[in-house]
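Please open the structure in your viewer and keep the sequence panel visible. The tour proceeds by selections, each followed by a short account of what is found there.

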Amino acid sequence: MMIENIFKQERNSKMIEGEVYFWTDTIKDWYCVFENPLYKQVVLNTMKELVERKKVIIYAFVIMPNHLHIVWKMVQMNGKEMPYASFNKFTSHKIFEDMKSKSMSKLMSFKVDDQERKFRLWQRDPLAVLMDSKVKVEQKIDYIHRNPLQEKWSLCESPENYPYSSANFYMTGFDNFGFLTDYRNEFY
């Protein structure tokens, strides 16, 4: 089996219901929005809300200073849109609401000349990679959990010590966030 080739897929930002994806969403212009703990909490609250409403199942995640990775399944539509679209809309709205009240100069960094909106938090075209095997899921979860250790970031000494990741859940079995599902219970 050629493990090194399992991630060579065309870039895709769309997900379909019932499938598991590795998803990367990046802040516009790589601005480090998530250096603010309040904005990381907005992401966590949004993920929890989508899980509680049975729109998604979240297996693993990490919130980095300017992007995030999630291994998740779209369970059902959220009204007329996919849950990942709701995730982007809601997190953008909450973060921009805070910026508007505290720092208009930060908010102006996200101004766009777009018919759809005045401001854009997330870059267009997030990356969605279908996870169609246990090997892929495990490799991506390992990548997610090691992301904060990269030399560029050096956010912690070991994966389980980074508080904005699912790594500790997989080390201890305790879900501090209240929304994680162990992939090992679903992928055999």
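The stops below lead from a pocket to several individual residues.

Please bear in mind throughout that this is a predicted model.

**First stop: the largest pocket**

Begin by selecting Asn88, Lys89, Ser92, Arg117 and Arg120, which are the closest to the centre of the largest pocket among the 23 residues that line it. The space in this pocket amounts to about 700 Å³. Which helix supplies the largest share of the lining? Select residues 83–102 to see the answer: helix α2 contributes nine residues. If the lining is coloured by class, 10 residues are charged, eight are nonpolar and five are polar.

**Second stop: arginine 120**

Keep arginine 120 selected and display its side chain. Arginine 120 belongs to the loop that runs between α3 (104–108) and β4 (127–130). Is arginine 120 buried or exposed? Its relative accessibility is 13%, so arginine 120 counts as buried, the cut-off for buried being under 20%.

Next, add Lys28, Phe96, Phe110, Val112 and Asp114 to the selection; arginine 120 is in contact with these residues, when neighbours within four places in sequence are left aside. With aspartate 114 there is a polar contact from side chain to side chain, at 2.9 Å. A further distance may be drawn to serine 109: its C-alpha atom lies 9.2 Å from that of arginine 120, and the two residues are 11 residues apart along the chain.

**Third stop: aspartate 98**

Return to helix α2 and select aspartate 98, which has its place there. Aspartate 98 is classed as buried because its relative accessible area is 13%. Beyond its neighbours within four places in sequence, aspartate 98 is in contact with Leu38 and Tyr39.

**Fourth stop: valine 75**

Now select valine 75, in the loop between β3 (67–74) and α2. Its relative accessible area of 33% makes valine 75 partly exposed. Then add valine 56 and draw the distance between the two C-alpha atoms: it is 4.9 Å, although valine 75 and valine 56 are 19 residues apart in sequence. Valine 56 is one of the contacts of valine 75 outside its neighbours within four places in sequence; the others are Glu17, Lys54, Lys55 and Ile57.

**Fifth stop: two residues with positive phi**

A general point prepares this selection: most residues other than glycine have a negative phi. Select tryptophan 30, where phi is positive, near 60°. Tryptophan 30 sits in the loop between β1 (20–26) and α1 (37–52), and with a relative accessible area of 47% it is partly exposed.

Then select serine 154, whose phi is also positive, near 45°. Serine 154 is in the loop between α4 (134–146) and α5 (167–172). Serine 154 is exposed, its relative accessible area being 52%.

**Last stop: the cysteines**

Finally, select cysteine 32 and cysteine 156. How many disulfides are there? The count is zero. A disulfide is a covalent bond between the sulfur atoms of two cysteines. The cysteine sulfur closest to that of cysteine 156 is in cysteine 32, 16 Å away, and is therefore too far for a bond. The two residues may also be examined for accessibility: cysteine 32 is partly exposed at 27%, whereas cysteine 156 counts as buried at 16%.

Key:
Residues are numbered from 1 along each chain as its sequence is written. This is a predicted model: local features need pLDDT of at least 70, side-chain atom pairs count only at pLDDT 80 or more; totals for chains, interfaces and linings use all residues. Side-chain values use heavy atoms; hydrogens and water are left out. On a 1 Å grid over the protein atoms alone, a cavity is a set of points where a 1.4 Å probe fits but cannot get out, and a pocket is an open set with protein on both sides within 12 Å along at least five of seven lines; lining residues have an atom within 4 Å of a point. Grid points are joined across faces, edges and corners, and a volume is the space filled by probe spheres set on the points. Helices (H or I, at least four residues) and strands (E, at least two) are DSSP runs, numbered from the N terminus. Ala, Val, Leu, Ile, Met, Phe, Trp, Tyr, Cys and Pro count as nonpolar, Asp, Glu, Lys and Arg as charged, and the others, Gly among them, as polar. Buried means under 20% relative accessible area, exposed over 50%, partly exposed in between (1.4 Å probe, protein chains only). Contact means heavy atoms within 4.5 Å. A polar contact is a pair of N or O atoms within 3.5 Å; within protein, one must be able to donate a hydrogen and the other to accept it, and residues adjacent in sequence count only if both atoms are side-chain atoms. A disulfide is a pair of cysteine sulfur atoms within 2.5 Å.
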